Amino acid sequence: MEANKHIQKYFEEIEEETNRCYEIAEGARKKGYDPEEKVEIVLAKNLAERAIGLISTVAPEINESGEEIVKRIAELEEEYGNQDWRVALKISEEITKEQYCKFSDKKKAIEVGIRFGIAYITVGVVASPLEGFTKLELKKRRDGKEYFSLYFSGPIRSAGGTGASVSVVIADYIRKVMGYDEYDPDENEIKRVSTELRDYHERVTNLQYFPSEEEIHFMVEKLPVQIDGDPSEKYEVSNYKDLDRIETNIIRNGVCLVIGEGLCQKAPKVWKQLDKWGKDFELKHWDFLEGFLSLQKKIKAKGDVKGEKQNITPDYTFIKDLVAGRPVLSHPLAKGGLRLRYGRTRMSGFSSTALHPATMFVLENYIAAGTQLKVERPGKATVVGVCDSIEGPIVKLNSGNVVYLGNEEIAEKYVKDIEEVLFLGDVLVNYGDFFNRAHKLVKPGYCEEWWLLEFEKKIQKKGIVELKEEYGINTELLKKLFKGDLDISGEDAVDLSKKLKLNLHPKYTYHWTEIGKDGLISLYKWIMNGSINKEENKIKKIILPFNVVSVDEPDPKRVLELLGVPHLVISNEHVVIEDDDASALVYSLCLDNEKFDLDDVVKAKQENVLELLCKNIKLKDKSGIFIGSRMGRPEKAKMRKLTGSPHVLFPVGDEGGRLRCFQSAMEKGKIRGEFPYYICQNCKGETIFPICSRCDGKTKRIYHCLDCNLDMDNKCSKLKRINGNEEEHNCRLYKTQEIDINNYFQTIARKLKLTHYPELIKGVRGTSNEDHSPENLAKGILRAMEDVYVNKDGTVRYDMTEMAITHFKPKEIGTSAEKLKKLGYEKDVNGGELLDDNQIIELMPQDIILPACDESPDEGADEVLFRVSKFIDSLLERFYGLDNYYSLEKKEDLVGHLILGMSPHTSAGILGRIIGFSKLQGFLAHPLFHSIMRRDCDGDEACVVLLMDALLNFSR
Ligand SMILES: [Zn+2]
Ligand SMILES: [Zn+2]
């Protein structure tokens, strides 16, 4: 891999420490106390190794020639490039042709080949090669020849649209090289697919891309393979049922995802590749994609003719699945909702967005950093962070005052007096999130960065002196602007607009599109009835009468509110607009022009207020687009507990009582359940553990045949006859036994040298793994002592909402600059030497920041993982008889230690390093880290496990 020295060293250090952990864990496992004598997590350094690890769970045959495959992939990558689809095609072909190992039959070989190709293109971390592509069926064409029918299901989602499409290409390539024929769909089968996609889109869930009927028709007709799937929904398709080559009438999500979000949506991407090299890979027949794309272009163009505006329509999807207690912030496109602003902070992007801190105050912190919002666009959901350089909310207070809440202090001051939130403020959305969702870019409201571009264009690289001479602009103001400080006064904003013929600065641009012409006229009349106070020829105040009685016209005070113009109500007699806003409003309304005549406005043809005002001055639309949103789920950070909060995966049976605890079982003296059955080679005693609990001797695991009702050394070879068929005897590696729990417990307590242990140690009702191997009781006792809980796989997990971060300050993560230097952070983001806790540093890709929030009712990751480290150390010392590994004195000592990050639906843990703790209730990691967990930051959660915990205790 190519990387600069500094990063190279970083990866080497992580690798070295990982290897050290493996060595220790291998040593512990070798002692034989665990069901497996080796660490059950395979270290995969690269994609090829991960793909083999993944596929071997369904086809262990490929393990035999794992090294050979890894080598071959490296060769292919040398030839075609890393992660090139052609690598997947070639390796799939070679596996299918049984060049590395033999399979039980040809169909299995083809399936494994396809799965391996999918694993390669999905970088070997998601379950889609196993669960997304469920099976291959060889079906008959009308002429009797065989074609490929590929079965897909929901988990293909985790491969992404492109991954799903390439899966089909791989399968078709295998079809071609193995000499099978093309699928010959008939009209009904084609219409079934288009009907099914529409039903799915309308009744089940929105597809990211919903292709037109013509597109689907074209695609399915030309596809050389059939896309099929298992029934997945509650509903039947509305039409085209009972077809002979489609077994189910129920909607199949796999088909909808692969055709809609896959092939139709990603056709441009697929064609871009196949156009280049398709013919070299016998994929010339995919030329139909070219025709598909021109069809797609034509259809999209037709949609555009109807007008630009038409594409942005309210989308109610985010409200449809409303849950009690999860408030709606604003309806689709509703005025005053979150205003779209493009951009990214160091803590947003990759589907996460940011709100102004004052917006969070106004929402009474119901929405905090880490909260998931369900949004109208561009995606379905987002997790929010904070950004203080976007617009905050505008609110109306009980007094009638309207104030702009520009920072937290002001928001805190007024939050109790808010009568109405007029504008919620901005939501900062990364451009890439629109691109990624294939959402049309929508026009945002006028904002500072836009204004700045116009300003730059206007001044054409002229300097301060020139600008002063040419336009008479104040030098101090120019200096400020050249420094990038756009927070200017109302008077300056007006001045710049006049002199440079520039749009009025966004801070002083009001929401003119939110009022009607009658409102505007009413406002004019009101202001003309009031007085505009000036001092030294500068506008200081607009004073207006509070009571306006006019039944026919809109209430002008309300008009000011809807415009978002800050103003005060003075002793219920006057409404006062001060300084900056007074200047800006007078200018916007052209009231500083002696020639202004209200009659011109009244008589004007235009109804649009912004257009009316723009006849005199330069103004832009401030509102842009408002995004509807509701709360999705609150931020989350806590230790994961299974039902019943067990400390150990050891069955306590009915004897465990309501609490499923050992204390109850011990009172009863026994546990009846399914346990493995071992005989000690040394003392000939019986035990349920692989090492004799009496004499520490080696044991032999004994089979039990239910049909013979006998224990035996080897698997029973007898056969039985059922309905005329011969079947093997039901012979298993466990049997129902009654064990003396007191005896086991005391022996183990003695081994651990414990004189007393926790009062409540909880087990599980029954073990769920295939051979009913329980964890050793010792693990439960030691976990209970540290108050940590076990998960299905034997590890202690800490769950958190995923949040993106690319840069941090030492003080934000509670780790000193000095310590960070030891971890390899030598420079700040600008290349300066790291000296103090306020410098901004770029995060390295495998480093993570975990939550430690005192105010949360749930324990922070620091508390939990610290106790896990204690548990691991006593496990190593007391149980395995080895040296401890962590020896932490305080929670902060966790910094520098390794973890595995895991998201649901993935099959691989991603190695990470803790570099600090923050008050945010989220899993803060580099977008690359989330990405390799195959996730974005839209509000879902992932977990961390201490590496040593995973290596010692993880079991399938
Ligand atoms: Zn023994
Ligand atoms: Zn038998």
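This report walks through two zinc sites, one helix, some backbone oddities and a few salt bridges in the structure above. Keep in mind that this is a predicted model.

**The zinc sites**

Let's start with the metals. The zinc ion (ligand 1) is held by four cysteine sulfurs, the SG atoms of C680, C683, C692 and C695, at 2.2 to 2.4 Å. The zinc ion (ligand 2) swaps in a histidine: its donors are the SG atoms of C705, C708 and C716 plus ND1 of H729, at 2.1 to 2.3 Å. Here are the two sites side by side.

| Site | Donor distances | Donor angles | Spacing along the chain |
|---|---|---|---|
| zinc ion (ligand 1) | 2.2 to 2.4 Å | 98 to 117 degrees | C-x2-C-x8-C-x2-C |
| zinc ion (ligand 2) | 2.1 to 2.3 Å | 98 to 118 degrees | C-x2-C-x7-C-x12-H |

Why is the zinc ion (ligand 1) called tetrahedral? Its four donor atoms subtend angles of 98 to 117 degrees, and the label applies because four donors count as tetrahedral if all angles lie between 85 and 135 degrees. The zinc ion (ligand 2) gets the tetrahedral label too, since its angles run from 98 to 118 degrees.

Now for what each site pulls together. At the zinc ion (ligand 1), the donors follow the spacing C-x2-C-x8-C-x2-C. C680 sits in strand β21 (residues 678-680), while C695 is in the loop between β22 (686-687) and β23 (699-701), so this pair ties together parts 15 residues apart in sequence. C680 is buried, with a relative accessible area of 0%, whereas C695 is partly exposed at 30%.

At the zinc ion (ligand 2), the spacing reads C-x2-C-x7-C-x12-H. Two loops meet there: C716 comes from the one between β25 (710-712) and β26 (719-722), and H729 from the one between β27 (725-728) and β28 (731-732), so parts 13 residues apart in sequence are tied together. C716 is buried at 11% relative accessible area, and H729 is buried at 13%.

**Helix α5 and its surroundings**

Next, have a look at helix α5, which covers residues 85-96. Its 12 residues span 16 Å from the first C-alpha to the last, close to the 16 Å expected at 1.5 Å a residue. How many of the residues of α5 are buried? The count is 11 of the 12, so the rest of the structure largely encloses this helix. Among the buried ones are W85, V87, L89 and I91, and the charged residues R86, E93 and E94 are on the list as well. What do the buried residues of α5 pack against? Their partners are α4 (66-80), α6 (106-121), α8 (160-177) and α11 (253-277).

Both ends of the helix have something to show. At the start of α5, a side-chain oxygen of D84 comes within 2.8 Å of the backbone nitrogen of R86. After α5 comes E98, with a positive phi near 55 degrees.

α5 also has a salt bridge to a neighbouring helix. R72 pairs with E94, with the closest N and O atoms 2.8 Å apart. R72 belongs to helix α4 and E94 to helix α5, so the bridge ties together parts 22 residues apart in sequence. E94 is buried at 8% relative accessible area, while R72 is partly exposed at 23%.

**Backbone oddities**

A few spots deserve a glance at the backbone. R377 and P378 are joined by a cis peptide bond, with omega about 0 degrees. P378 sits in the loop between β7 (372-375) and β8 (381-386). R377 also forms a salt bridge with E376, at 3.2 Å from N to O, and both residues are buried.

V123 and E536 are not glycines, yet V123 has a positive phi of about 50 degrees, and so does E536. V123 is in the loop between α6 and α7 (128-132) and is buried, at 8% relative accessible area. E536 lies in the loop between β13 (531-535) and β14 (538-545), and at 76% E536 is exposed.

**More on salt bridges**

Side chains of opposite charge can pair when their charged atoms come close. The model has 73 salt bridges. One of them joins R633 and D940, at 3.4 Å from N to O. This pair links distant parts of the chain, 307 residues apart: R633 is in the loop between β18 (629-631) and β19 (637-639), and D940 is in the loop between α32 (927-932) and β37 (941-946). R633 is partly exposed at 31%, and D940 is partly exposed at 24%. Elsewhere, K139, R192, E196, D228, E247 and R252 form one network through salt bridges that share partners.

Definitions and conventions
Residues are numbered from 1 along each chain as its sequence is written. Chains are lettered from A and ligands numbered from 1 in the order in which they are written. This is a predicted model: local features need pLDDT of at least 70, side-chain atom pairs count only at pLDDT 80 or more; totals for chains, interfaces and linings use all residues. Side-chain values use heavy atoms; hydrogens and water are left out. Donors are N, O and S atoms within 2.8 Å of the metal (3.2 Å for Na, K and Ca); water is not among the atoms, so sites may look incomplete. Four donors count as tetrahedral if all angles lie between 85 and 135 degrees; four count as square planar and six as octahedral if opposite donors are over 155 degrees apart and all others between 65 and 115; anything else is irregular. Helices (H or I, at least four residues) and strands (E, at least two) are DSSP runs, numbered from the N terminus. Buried means under 20% relative accessible area, exposed over 50%, partly exposed in between (1.4 Å probe, protein chains only). The expected span of a helix is 1.5 Å times one less than its number of residues. Contact means heavy atoms within 4.5 Å. A polar contact is a pair of N or O atoms within 3.5 Å; within protein, one must be able to donate a hydrogen and the other to accept it, and residues adjacent in sequence count only if both atoms are side-chain atoms. A salt bridge is a side-chain nitrogen of Lys or Arg within 4 Å of a carboxyl oxygen of Asp or Glu.
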